[in-house]
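Trainee: I'd like to learn how to read a structure, but I don't know where to start. Could we go through one together, feature by feature?

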Amino acid sequence: MTKTNSHIAKAEALAPLIRQHADEAERQRHLPRAVAEAFARNGLYRLAGTPDIHGADADAMTQIGVIEAASRADGSAGWNLMIGIETFGLIGPGFKDRCPELIADPLTIMASSTAAVGRAQRDGDGWRVSGQWQFVSGIHNAQIFGATVHLYDGDEQVVEGNRYAVVPEGEYEIVDTWHVGGLRGSGSHDVRLDDVFVPGNRIIAPIGGNAATSPQLRLPLGNRLAYNKAAVAIGIAQAGLDAFVDLATRKQPRFTTRTLRDRPFAQRAVANAEARLIGARAALMDRTAASWETVVAGGEVAARDRAVFHIIASDAARAAVEVVEMLCEAAGTTANRIGEPLERIARDVRVVRQHATVAPHLIEDAGRTLLGLESESFVVRSR
């Protein structure tokens, strides 16, 4: 078994555990600790981390495969794993020369948020940090929180742009705000800091601010943020196909003596869904592999290729929603019944498409680049 396949195999092997705790995640609105610890023990959170922070430094295609496998078992679990992989891959390298002791234990889990920017006020050799950050997925199982901040000395911002203030468990407050329908088990609650002292060595580089010490750190930032979201959507849609096939073999629609799978409409729906998802996934993997080959060879992904990548990633998220909607339509009222897998799958997959890195409007914005116009989105423009 290759190194790449071994990571995907580990994720697939965890599927029974993930499914076992999926209802619990839904009830408590965050990932159960047993699942988070299993991800950590198997090194999956640090899949994208560089070796100097106990990471596997796995290629982008492996990351997609691992996230798909977890998301196929449960969308919320896959989302948590995806965010953890991104966090260690994009922020983790900043720990090496600043505060490596905080992530020296390979089982340490980190959460972060770029959904808000807090204020870090200089206080001697450190900083006083205050703010509230939204969408902090996985925070209930994290030992570290990375808070996006601006640094101030008095009223003057002393460093242009953002930095991360790294805060250990016990020094931040989890605010119960994640009252949602889709991806309910992801635990994407708010985190609040109120005048918390952060030593100077715990202020680290922001996303995209670390030196390119490995190929994946040379991938365009926006593309990295997009392909993992698309992987979650694809995994959830694959779960939708699994659930529909199971339902079709056992459901006997009213006023008929045949099962659902005997209906031509159901046969057409599953065939069209399979074709749409396979095509979207293949396109995503093709573009990801092409970008990977470019950065491994030491090149830079061109602006047009970055734009096409976003078109493909956003379309993959759209395809996942379309696939699930096809299947729910063919399933009839069963797909709306709480407790049936398709009901939760339909709620979960729609949330992924709403994320800023794979939202439908990015297709239009990336189209500007193809027509020789400047992109209006940082996600598409970012290198």
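Mentor: Sure, let's start with a pocket and ask what sort of residues line it. In the largest pocket, the lining divides into 21 nonpolar, 17 polar and 4 charged residues. Keep in mind that this is a predicted model.

Trainee: How many residues line the largest pocket, and which lie nearest its centre?

Mentor: There are 42 of them, and Glu86, Thr114, Ile207, Leu225 and His355 lie nearest the centre. The elements giving two or more residues to that lining are helix 5 (75–90), strand 1 (110–123), strand 2 (126–136), helix 6 (221–250) and helix 11 (378–381). As for space, the largest pocket holds about 1100 Å³.

Trainee: And how much space lies in the second largest pocket?

Mentor: About 460 Å³. Of its 21 lining residues, Ala22, Ala73, Asp74, Pro341 and Arg344 are the closest to the centre. Helix 2 (15–28), helix 4 (60–73), helix 6 and helix 9 (341–353) each give two or more residues to this lining, and helix 9 gives the most, with 6 residues.

Trainee: How do the residues of that lining divide into nonpolar, polar and charged?

Mentor: The second largest pocket has 8 nonpolar, 3 polar and 10 charged residues in its lining.

Trainee: What about cavities? How many of 30 Å³ or more does a search of the whole structure find?

Mentor: The search finds 2. The largest cavity has a volume of about 50 Å³, and its lining is made of Tyr45, Asn80, Ile83, Gly84, Ile109, Met110, Ala111, Ser137 and Gly138. Helix 5 supplies the largest share, 3 residues. By class, this lining has 5 nonpolar, 4 polar and no charged residues.

Trainee: Which residues line the second largest cavity?

Mentor: Leu219, Pro220, Asn223, Arg224, Tyr227, Thr288, Ser291 and Phe309 do. The elements that give two or more of them are helix 6 and helix 7 (264–296). The second largest cavity holds about 40 Å³, and its lining has 4 nonpolar, 3 polar and 1 charged residues.

Trainee: Let's turn to helices. How far apart are the end C-alpha atoms of helix 2, and what span should its residues give?

Mentor: Count 1.5 Å a residue: the 14 residues of helix 2 should span 20 Å, and the end C-alpha atoms are 20 Å apart, so the two agree. Try the sum on helix 8 (residues 303–331) as well: its 29 residues should span 42 Å, and its ends are 42 Å apart, which agrees.

Trainee: At which residue does helix 2 bend?

Mentor: At His21, by about 40°.

Trainee: Which residues of helix 2 are buried?

Mentor: Here's the general idea. An α-helix has 3.6 residues a turn, so residues three or four places apart point the same way. In helix 2, the buried residues are Ala15, Ile18, His21, Ala22, Ala25 and Glu26. One of these, Ala22, also turned up close to the centre of the second largest pocket.

Trainee: What comes just after each of those two helices?

Mentor: Look at the phi angles. Arg29 follows helix 2 and has a positive phi, near 65°, while Gly332, just after helix 8, has a positive phi of about 75°.

Trainee: Is Ser71 buried or exposed?

Mentor: The cut-off for buried is under 20% relative accessible area. Ser71 has 1%, so it counts as buried. It sits in helix 4.

Trainee: Now the strands. In which sense do strand 1 and strand 2 pair?

Mentor: First the general picture: in a regular strand the side chains alternate between the two faces of the sheet. Strand 1 and strand 2 pair in the antiparallel sense over 5 bridges; for instance, Arg119 has Ser130 in strand 2 as its bridge partner. The two strands form a hairpin with 2 residues between them, and Gly124 in the turn has a positive phi of about 65°.

Trainee: And what about strand 1 and strand 3?

Mentor: Strand 1 and strand 3 (residues 144–153) pair in the parallel sense, over 8 bridges. Find Ala120, and you'll see Leu151 of strand 3 opposite.

Conventions: Residues numbered from 1 in each chain as written. Predicted model: local features only at pLDDT ≥ 70, side-chain atom pairs only at ≥ 80, totals over all residues. Heavy atoms only, no water. 1 Å grid on protein atoms, 1.4 Å probe; cavity = no way out; pocket = protein on both sides within 12 Å on 5 of 7 lines; lining within 4 Å. Points joined across faces, edges and corners; volume = space filled by probe spheres on them. Helix = DSSP H or I, 4+ residues; strand = E, 2+ residues; numbered from the N terminus. Nonpolar A, V, L, I, M, F, W, Y, C, P; charged D, E, K, R; others polar. Expected span 1.5 Å × (residues − 1). Bend = angle between axes of the 7 residues up to and from the residue. Buried < 20%, exposed > 50% of the residue type's maximum accessible area, 1.4 Å probe, protein only. Pairing = 2+ DSSP bridges.
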